[in-house]
Amino acid sequence: MLMNQSIATKIFSTFPFLQQLDTQIKTDLLSQVQKVKLSAGQFICLEGDFCNHLPLVISGSVRVYKIGESSREITLYHLDKGDSCIMTASCIISQKAFPAFAIAETEVEAIVIPANSLRKWIKYSPIWQDYIFGLLSRRLANVIEIVEEVTFRRMDSRIASYLLKIGHNCAENIQITHEEIAQELGTSREVVSRILKSFEKKEILNLSRGMIRLKEKDELEKIASGNF
């Protein structure tokens, strides 16, 4: 069944590249995709799952992460409005199992494209080819950056950099737990707590339950850059 016009408009405004598709592929797309809503905390993919659909995120946030043998988590990337998951696309193309976990961080609205349709469109449509390869290029750069950080940067520099990143749009207060920071950066909560407490002693920030108040962003920038 063809989607109603309001949903079609939302899809094309969120993913402008779809408007460039051939008329037939565009018609097929609107007749085959499904609109889904996910609750915060709902798993989208588990490690070892086979991917039957490619999601295109219309609203909300998704976290894609790995769990190590020590049960520590590290975030590979986030999906927000206008994003799609290259790992899912890769699994669909190769017909291999999903190698990570994907979970909705917030309520998520998305459309999902059947795997068989995606494989067909990638084969014949230059527009889809450009989109998938562009997605691969961007995400590969993200993952390489994570590998470099984990391998070469001190944890205090990584934590300072992360606080500056998530605090960019905040006046001062960041709502986040030590456990959430640990999961993002692939370390333990104890390590995060120790480093944050050392920042607090230097009066760079204040800690309270579930909240971090940034006081001296200039000092955090020095730590993030390694100049301390």
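**Entry 1. I144 and its surroundings**

I began with I144 and asked how exposed this residue is. In this predicted model, I144 is partly exposed, with a relative accessible area of 42%. I placed I144 in helix α5, which covers residues 126–152. I then looked for a surface patch that includes I144, and I found a nonpolar one formed by F133, L136, L140 and I144. Together these residues have about 400 Å² of accessible area.

**Entry 2. The chain as a whole**

I next recorded the overall figures. The protein chain has 9 helices and 10 strands. I noted that its C-alpha atoms fill a box of roughly 65 × 35 × 30 Å, taken along the principal axes. The chain has 228 residues, of which 43% count as buried. For the surface, I noted about 12700 Å² exposed by the protein chain, with carbon and sulfur atoms supplying 51% of that area. I also looked up how contacts are spread along the sequence. Among contacts with a separation of 6 or more, residues 24 or more positions apart account for 69%.

**Entry 3. A sheet of three strands**

I turned to the sheet and asked in what order its strands stand. The sheet is open, has 3 strands in the order β1-β7-β3, and its pairing is antiparallel. Why is one side of β1 and one side of β3 left without a neighbour in the sheet? I recorded that β1 (34–38) and β3 (53–59) stand at the edges and each has a single partner strand, so one side of each has no neighbour there. The twist from one strand to the next averages 35 degrees.

As background, I noted that strands of a sheet pair through backbone hydrogen bonds, either parallel or antiparallel.

I then took the two pairings in turn. β1 and β7 pair in the antiparallel sense over 5 bridges. In this pairing I found Q34 opposite V112 in β7. On the other side, 6 bridges join β3 to β7, the strand of residues 108–114, and these two strands run antiparallel. Here P55 stands opposite V112 in β7, while V57 stands opposite A110 in β7. V112 thus appears in my notes opposite Q34 and opposite P55.

I also asked how many residues of β7 are buried. β7 is mostly covered, since 6 of its 7 residues are buried.

**Entry 4. C45 and what it touches**

I looked up C45, which lies in strand β2 (residues 43–45). Is C45 buried or exposed? I recorded a relative accessibility of 12% for C45, so this residue counts as buried; the cut-off for buried is under 20%. Leaving aside residues up to four places away in sequence, I found that C45 touches C51, F98, A100, F101 and A102. For one of these, A100, I also noted the separation: the C-alpha atoms of C45 and A100 are 7.7 Å apart, although the two residues are 55 residues apart along the chain.

**Entry 5. Salt bridges**

I asked how many salt bridges the structure holds, and I found 11. I examined several of them.

The side chains of E184 and R63 meet in a salt bridge at 3.6 Å, N to O. This pair links distant parts of the chain, as E184 lies in helix α7 (residues 178–185) and R63 in strand β4 (residues 62–67), 121 residues apart. I checked the cover of both partners. E184 counts as buried at 13% relative accessibility, and R63 counts as buried at 6%.

R154 forms a salt bridge with D156, and the closest N and O atoms are 2.6 Å apart. Here I found the partners in opposite settings: R154 is exposed, with a relative accessible area of 51%, whereas D156 counts as buried at 12% relative accessibility.

R189 forms a salt bridge with E190, with the closest N and O atoms 3.4 Å apart. I noted that R189 counts as partly exposed at 39% relative accessibility. Finally, I recorded one network, in which salt bridges that share partners join K10, K35 and E109.

Definitions and conventions. Residues are numbered from 1 along each chain as its sequence is written. This is a predicted model: local features need pLDDT of at least 70, side-chain atom pairs count only at pLDDT 80 or more; totals for chains, interfaces and linings use all residues. Side-chain values use heavy atoms; hydrogens and water are left out. Two strands pair if DSSP finds at least two bridges between them. Helices (H or I, at least four residues) and strands (E, at least two) are DSSP runs, numbered from the N terminus. Axes are lines fitted to C-alpha atoms, for helices over the stretch in contact, and angles run from 0 to 180 degrees between N-to-C directions. Patches are made of residues with over 30% relative accessible area and no salt bridge: like charges are joined within 9 Å, nonpolar side chains (Val, Leu, Ile, Met, Phe, Trp, Tyr) within 5 Å. Accessible areas come from the Shrake-Rupley method with a 1.4 Å probe; for residues, only the protein chains shown count as cover. A salt bridge is a side-chain nitrogen of Lys or Arg within 4 Å of a carboxyl oxygen of Asp or Glu. Buried means under 20% relative accessible area, exposed over 50%, partly exposed in between (1.4 Å probe, protein chains only). Contact means heavy atoms within 4.5 Å.
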